[in-house]
Amino acid sequence: MSEQSRGPAEPPRDVLAMWERTRSLGKRIDGVDERLEALEGFNLPDAVADLALTVKKLTEKPEAQKFAVWDWSTFQPQQQAQAWELLLDWTMGTFRVRYPRSFTEMLGYTKGAVSCWHLHPDMVESLTGLMAAWNWAFRDPESGPLRVAEWLGRWLPDAVRQGQFILAKCKVEPNKVDQYGRPDPYHGHKDPMENKKTDPPEDLLRHIHMLKTGEIPA
């Protein structure tokens with residue numbers, strides 16, 4: 001038999017084994033490509049990022065409840081109305097009920113059922129601060145016995161003293177009438193906002209001018 005009549009020689013066994021492994025690997029790669037194409041439709045990177053953020057939030061320590069500081073001078077009319085409602089709710093529902101003597105002495109109810117405390121801006125600020133300190137002591141999740149003790153032993157007595165000082169010169173006579181014969185429940189009250197305008201000291205104004213310009217005023 002001539003060499004041309006012979007069939008093609010079979011590859012060595014090791015070559016056949018390598019081809020088989022290569023073909024198997026190719027099929028696996030094709031399968032991975034198909035799965036990746038399917039996952040791309042689910043926006044996998046964004047989903048993983050959202051999951052990571054969720055896990056981070058769950059493992060973080062929750063933030064303590066924060067209570068805003070009020071600045072009455074910046075409130076618009078609607079904000080003032082909301083602030084008054086919140087302040088009155090705490091004053092009458094918590095302060096008066098749980099601390100009746102402090103309520104009476106601070107807000108001027110020692111001589112009767114009528115008081116002009118709400119007409120004094122400094123009193124309103126003091127009461128607002130007392131309410132904020134109470135929330136910080138009793139409603140903040142991170143509070144503890146020391147905050148409560150500090151409110152009872154420091155902030156409450158101090159606020160009472162402030163209130164007594166503010167109302168010291170007010171002698172309200174609720175049964176009086178005004179010049180038109182109408183009931184005047186706050187007769188005897190002197191509203192601080194009715195005081196005459198007080199100009200700043202001239203020497204202080206000259207000193208400020210010198211600091212700003214370096215010039216000595218004539």
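Biologist: In which helix is Leu205 placed?

Modeller: This is a predicted model, with residues numbered from 1 along each chain as its sequence is written, in which local features need pLDDT of at least 70, side-chain atom pairs count only at pLDDT 80 or more, and totals for chains, interfaces and linings use all residues. Side-chain values use heavy atoms, leaving out hydrogens and water. Helices are DSSP runs (H or I, at least four residues) numbered from the N terminus. The run of residues 202-213 holds Leu205, and it is helix H7.

Biologist: How far apart are the end C-alpha atoms of H7, given the span that its twelve residues should have?

Modeller: The expected span is 1.5 Å times one less than the number of residues. For the twelve residues of H7 this should come to 16 Å, and the separation of the end C-alpha atoms agrees with it, at 17 Å.

Biologist: Is Ser102 buried or exposed?

Modeller: Ser102 is found in helix H4, residues 100-106, and beyond four places in sequence it touches Phe95, Leu156 and Val160 (contact means heavy atoms within 4.5 Å). Buried means under 20% relative accessible area, exposed over 50% and partly exposed in between, with a 1.4 Å probe and protein chains only. Because its relative accessible area is 18%, Ser102 counts as buried.

Biologist: Which helix gives the most residues to the largest nonpolar core?

Modeller: A nonpolar core is a set of buried Ala, Val, Leu, Ile, Met, Phe, Trp, Tyr and Cys residues joined through side-chain atoms within 4.5 Å. The largest one has 28 residues, and Phe95 is among those that touch the most other members. Helices H3 (77-98), H4, H5 (121-138) and H6 (145-166) each supply at least two of its residues. The greatest contribution, eight residues, comes from H5.

Biologist: Which residue forms a salt bridge with Arg101, and how are the two spaced in H4?

Modeller: A salt bridge is a side-chain nitrogen of Lys or Arg within 4 Å of a carboxyl oxygen of Asp or Glu. Arg101 is exposed at 63% relative accessibility, and its closest N atom is 3.0 Å from an O atom of its partner. Because the two are four residues apart in helix H4, they are separated by about one helical turn, and the partner of Arg101 is Glu105.

Biologist: How far apart are the closest N and O atoms in the salt bridge between Asp140 and Arg147?

Modeller: Asp140 counts as buried at 9% relative accessibility, and Arg147 counts as buried at 18%. The closest N and O atoms of this pair are separated by 2.8 Å.
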